[in-house]
Amino acid sequence: MADIVRKQIVSVEGQTVRERLQAMDDSAVVTAFLGGEERAFSELVTRYQTRLLNFVYRTIGDREKAEDLVQEVFIRVYRHLHRFDRSKKFSTWVYTIASNLAKNELRNRSRNPLVLFQTVQKNFQDEDRPLQFEDTTSRPDDMYRKRHLREIVEESVAKLPEHHRNVFILRELEGKSYEEIAEITDCNLGTVKSRLNRARNSFAEIIAPYVD
Amino acid sequence: MDCREFCEQHVAFVDDTLAGIELVRMQRHIAECESCAKHDAKIRRALLLIRNLPSIELSADFSERLEARLKECHSEHLLATTQRNLRRGAIAATLASAVMLGYIGTTLYHRSDAPRDLVMPPVIASIPEPELTPITTSTPAIVASVSAGLTIWPAALFAEQVPVHFAHSKLELANYTR
């Protein structure tokens, strides 16, 4: 009986800590983790894993590799969090790590054509997969149209030059401010605005024939 | 506002970050310029598509894999910390041993019957005698040379050199005659 009560207390305490962590902003969660609260790291992972996966996936276009890179981001965060300058935004730091890893991946691919070929081949295999991630209650032609449109949008994004695409995704999909993008991509504000303008124009040009 | 200025400010216009007066100027330009209005519509429609792109989800084993990697990372970190602490501990133990040995040595020394003041053998200092070079020539001649600043050799020395000079002169003379 005493054991059950103790377990209940522990679980209630655990839940309280988790709830408290959920209510905190990133900076406070980081402080909690550095103060020895291991659960704080899980909270950071929960907050950023899907966002980072989408960001990396849209940048490199390979889902499996994107997951590996996101894991690598968290490993690096775990190892180097004590070095993080807490006067800055945690999200910017995390995105900077992810952006650098994605850039390295693209650079490695351009140096190794075999990897590029494998990725292309994988994408072709993806074409044969059954429909997924769609609302199954929709009519089949609607589902096809939606999936087709999504693919067109993704392909159009992939066609943008790397440095334009990076800025474009950070702004349009991640909703980052110009200042944050400048910090993540290590560019000045003017360059960010100029790249964003060009990326928007290019994207609109590429996709226009499909949506008109 | 011309079309070039409109294009330059279009990013801020779409993101709604323009100041009030600039915003009004942009809106007026769109109302007047059909080409820029089309361009604006095209960009906004494209952005609507990208912004509504469905989010991709993590695979089922993502968390498991991450947890395993983090555990590995954590144990590596612990191992590194332990090794570092052991190294520090070893250094501290060595220092402590040295201090302890020093203390024991000092204590033993103070407890022994050995006299506290050191008795050193007496130091005997001596001044080396100046070297005296014997003067073979006659002393008055030397004294005379010192006061004049020039060497005045006694006649006895010149007399010693004479035969040599003569012999030499003879040899030279012989050469000239030949």
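In chain B, the loop between α2 (10-14) and α3 (20-32) holds B:Asp16. Phi of B:Asp16 is near 60°, a positive value in a residue that is not glycine. This is a predicted model, so the details below are best read with that in mind. The briefing starts with two loop residues, then moves on to chain B, the contact between the chains, the core and two helix pairs.

**Loop residues with positive phi**

- B:Asp16 is exposed, because just 7 other C-beta atoms lie within 10 Å and a residue with 12 or fewer counts as exposed.
- Chain A offers a case of its own: A:Asp186 has a positive phi of about 60° although it is not a glycine.
- Look for A:Asp186 in the loop between α9 (178-185) and α10 of chain A.
- Is A:Asp186 buried or exposed? With 10 other C-beta atoms within 10 Å, A:Asp186 is exposed.

**Chain B as a whole**

- Chain B has 7 helices and 0 strands, and from the N terminus on its elements run α-α-α-α-α-α-α.
- Of the 178 residues in chain B, 6% are buried.
- Among the contacts in chain B with a separation of 6 or more, 29% join residues 24 or more positions apart.

**Where the chains meet**

- Chain A brings 28 residues to the contact, and chain B brings 23 residues.
- On the side of chain A that touches chain B, the elements giving two or more residues are α3 (39-60), α4 (63-80), α7 (140-159) and α10 (189-211) of chain A.
- Which element gives the most to this side of chain A? That is α10(A), with 9 residues.
- Sorted by class, the side of chain A that touches chain B has 16 nonpolar, 5 polar and 7 charged residues.

**The nonpolar core**

- The largest nonpolar core has 50 residues.
- Those with the most contacts inside this core are A:Leu52, A:Val56, A:Val73, A:Val94, A:Ala98 and A:Phe203.
- The largest share of the core comes from α3(A), which supplies 11 residues.
- A:Phe203 is a good residue to click on: leaving aside residues up to four places away in sequence, A:Phe203 touches A:Ser156, A:Val157, A:Leu160 and A:Phe168, along with B:Ala46 and B:Ile50.

**Helix pair α2(A) and α3(A)**

- The axes of α2 (residues 26-34) of chain A and α3(A) come within 7 Å and cross at roughly 145°.
- This crossing of α2(A) and α3(A) is left-handed.
- From α2(A), the residues A:Val29, A:Ala32 and A:Phe33 meet A:Ala40, A:Phe41, A:Glu43 and A:Leu44 of α3(A).
- By class, the contact of α2(A) with α3(A) has 6 nonpolar, no polar and 1 charged residues.

**Helix pair α8(A) and α9(A)**

- For α8 (residues 162-172) of chain A and α9(A), the axes come within 10 Å and cross at roughly 140°, which makes α8(A) oblique to α9(A).
- The crossing in which α8(A) passes α9(A) is right-handed.
- On the α8(A) side, the contact is made by A:Asn166, A:Val167, A:Leu170 and A:Arg171; on the α9(A) side, A:Ile181, A:Ile184 and A:Thr185 take part.
- The contact of α8(A) with α9(A) has 4 nonpolar, 2 polar and 1 charged residues by class.

Definitions and conventions
Residues numbered from 1 in each chain as written. Chains lettered and ligands numbered in written order. Predicted model: local features only at pLDDT ≥ 70, side-chain atom pairs only at ≥ 80, totals over all residues. Contact = placed C-beta atoms within 7 Å. Helix = DSSP H or I, 4+ residues; strand = E, 2+ residues; numbered from the N terminus. Nonpolar A, V, L, I, M, F, W, Y, C, P; charged D, E, K, R; others polar. Buried ≥ 20, exposed ≤ 12 C-beta atoms within 10 Å, placed from the backbone. Core = buried A, V, L, I, M, F, W, Y, C linked by C-beta atoms within 7 Å. Axes fitted to C-alpha atoms, helices over the stretch in contact; angles between N-to-C directions. Left-handed = near helix turned anticlockwise from the far one by under 90°. Parallel < 35°, antiparallel > 145°, perpendicular 65-115°, else oblique.
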